[in-house]
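Colleague: I am new to this one. Can you take me through it by question and answer?
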Amino acid sequence: MISENVKKLVENGSAIRAMFEEGARMAAEFGKENVYDYSLGNPSVPAPKEVNEAIIKITEETDSVALHGYMNNAGYPSTRQVIADHLNKLHGTAFSAKNILMTVGAAGGLNVILKTLLNPGDDVLAFAPYFVEYNNYVANFGGKVIPVQTINNGFMPDPAVLESMVTKNTKALIINNPNNPTGVVYPESVIKEIAEVLVKKEKELGISIYMIADEPYRELAYDGVDVPYLTKYYHNTIVGYSYSKSLSLPGERIGYLVMPDELDDAEMIISGAAVANRVLGFVNAPSLQQRVIEACIDCSTDVNVYDKNRKFLYESLTKLGFECVKPQGAFYLWVKAPDGDDVAFSAAAKKYHLLIVAGRGFMGPGYVRLAYCVDYDMIVRSIPAFEALAKEYGLS
Ligand code: PLP
């Protein structure tokens, strides 16, 4: 018999994955063009052509044994140095290769840092709604996620609420900016307030509280909005980054952690994370992809594609009477269920072949998430279905 924990995971499944699979089934039944799948955050913009060119060049020009071999658990020193230099240029930081650990995407990075930091029974705060896998990643190491509500503050963190939730048991706060699922971007003023709360609580309780910045959407920000670099605001910040969305490489599993020298116990955390990478079975991040990142450090995705989708979908749905949070980042639209029941709303949407995910899966009941990293034409085709849904709810 399998473990009780995994049994529960199998039984509960993933609402997003289930929806995605339902989409495939419906596409087979009704035709792909008649199904409007907003379920999954899979980038619709192809990876930059430089990525494919780099893969060919690297495999042709690098000694094959060296290219495909084992390495330092933290990754290639040259790749880590290129990333450190890049961050220093962008953010005025002072990282070196030793502060960077290459990871198997953001998911790998989060698991590595949580394994490094958590003792069983530790609490990890996260502003809700949040990426639901946080619950599983934290539970992997015997910790528990404590949701910090933001719904009464327009989905912006409220420092007073945060302060009231920090206890002696708090080991970390995960902050995801730009945010999945709300599309909200936390500005510098809010980050400063969060940092003040954490500094105050660290002193008051005599503990270290690590802020884990989960940043796969860092570059996906619109209207010129600034996404603050969090190590500059709080000494105990660890950044988890991924190229899954920023270079459209989610299947390649490549990202990194930044562990600054300013961290409490920095040396131990840096050494511990390399060991955690090894013993979790990642061993090291994919070697070819590390080389690709080194070669493509200045490449970026075409954010205009998502921006065009964002504007059209937001404007169309608000015109129909739906209440939406105006997204400033990531590629998600967070829409209020008109009667407050997100599960019933996503079920009703399915009747019109609209696949949208109920918010309670993100600890955000009463709302649904639409991933607009899809073809623009699909959005256009889907508007009559939203019209019918709006009519059903008496909106228009
Ligand atoms: N964190 C957030 C907020 C995400 O939305 C995702 C993926 O959608 C991840 C982490 C995991 O990203 P990766 O594919 O890089 O592991």
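Colleague: In which loop is the place of Pro 181?

Modeller: This is a predicted model, so take each value as computed from it. A cis peptide bond joins Asn 180 to Pro 181. The place of Pro 181 is in the loop between strand 5 and helix 9.

Colleague: What is omega for the bond that joins Asn 180 and Pro 181?

Modeller: Asn 180 and Pro 181 are joined by a cis peptide bond. Its omega is about 20°.

Colleague: Which residues are closest to the ligand?

Modeller: The ligand is surrounded by 14 residues. Asn 180 comes up again here, as one of the closest. The full set of closest residues is Asn 180, Asp 214, Tyr 217, Ser 242 and Arg 253.

Colleague: How far is a polar side-chain atom of Tyr 217 from an oxygen atom of the ligand?

Modeller: Take two other side chains before that one. For Asn 180, an N or O atom of the side chain is 2.8 Å from an oxygen atom of the ligand. For Ser 244, a polar side-chain atom also lies 2.8 Å from a ligand oxygen. For Tyr 217, the distance is 2.7 Å.

Colleague: How much of the area that the ligand exposes alone does the protein bury?

Modeller: Polar side-chain atoms of Tyr 217 and Ser 244 lie by oxygen atoms of the ligand. Taken alone, the ligand exposes 400 Å². Of that, the protein buries 91%.

Colleague: What separation do the C-alpha atoms of His 68 and Tyr 217 have?

Modeller: His 68 sits in helix 4, residues 64-68. It is exposed, because its relative accessible area is 53% and the cut-off is over 50%. Along the chain, His 68 and Tyr 217 are 149 residues apart. Their C-alpha atoms are separated by 29 Å.

Colleague: How far apart are the end C-alpha atoms of helix 9?

Modeller: Helix 9 covers residues 188-205, which makes 18 residues. At 1.5 Å a residue, the expected span is 26 Å. The model agrees: the end C-alpha atoms are apart by 26 Å.

Colleague: Within what arc do the buried residues of helix 9 fall?

Modeller: The buried residues are Val 190, Ile 191, Ile 194, Ala 195, Val 197, Leu 198, Lys 201 and Glu 202. Seen down the axis, they line one face of helix 9, because they fall within an arc of 160°.

Colleague: Why can residues three or four places apart in an α-helix point the same way?

Modeller: Count the residues in a turn. Residues three or four places apart point the same way because an α-helix has, per turn, 3.6 residues.

Colleague: Which exposed residues does the face of helix 9 turned away from its buried side carry?

Modeller: Begin with the buried side. Its residues pack against strand 3 (123-128), helix 8 (159-165), strand 5 (170-176) and strand 6 (210-214). The face turned away carries Glu 196, Lys 203 and Glu 204.

Colleague: What is phi of Gly 206, which follows helix 9?

Modeller: Gly 206 comes after helix 9, and its phi is positive. The value is near 65°.

Colleague: Which elements are included in what covers the buried residues of helix 10?

Modeller: Helix 10 has 14 residues, 266-279, and its end C-alpha atoms are 20 Å apart, in agreement with the expected 20 Å. Buried in it are Ala 266, Ile 269, Ile 270, Ala 273, Ala 274, Ala 276 and Asn 277. They cover an arc of only 160° around the axis, so they sit on the same side of helix 10. Their cover includes strand 2 (100-103), helix 6 (105-117) and strand 6.

Colleague: Is Phe 155 buried or exposed?

Modeller: Phe 155 lies in the loop between strand 4 (144-149) and helix 8. Its phi is positive, near 65°, though it is a residue other than glycine. Its relative accessibility is 4%, and the cut-off for buried is under 20%. Phe 155 therefore counts as buried.

Colleague: Which residues is Gln 289 in contact with, leaving aside neighbours within four places in sequence?

Modeller: Gln 289 lies in helix 11, residues 287-295. It is buried, with a relative accessible area of 4%. Beyond its neighbours within four places in sequence, its contacts are Ile 55, Leu 249, Glu 252 and Ile 254.

How values were computed. Residues numbered from 1 in each chain as written. Predicted model: local features only at pLDDT ≥ 70, side-chain atom pairs only at ≥ 80, totals over all residues. Heavy atoms only, no water. Helix = DSSP H or I, 4+ residues; strand = E, 2+ residues; numbered from the N terminus. Expected span 1.5 Å × (residues − 1). Buried < 20%, exposed > 50% of the residue type's maximum accessible area, 1.4 Å probe, protein only. Arc of directions from axis to C-beta. Contact = heavy atoms within 4.5 Å. Near = heavy atom within 4 Å. Polar contact = N/O pair within 3.5 Å; in protein donor to acceptor, adjacent residues only side chain to side chain. Areas by Shrake-Rupley, 256 points an atom, 1.4 Å probe, with all protein chains shown as cover.
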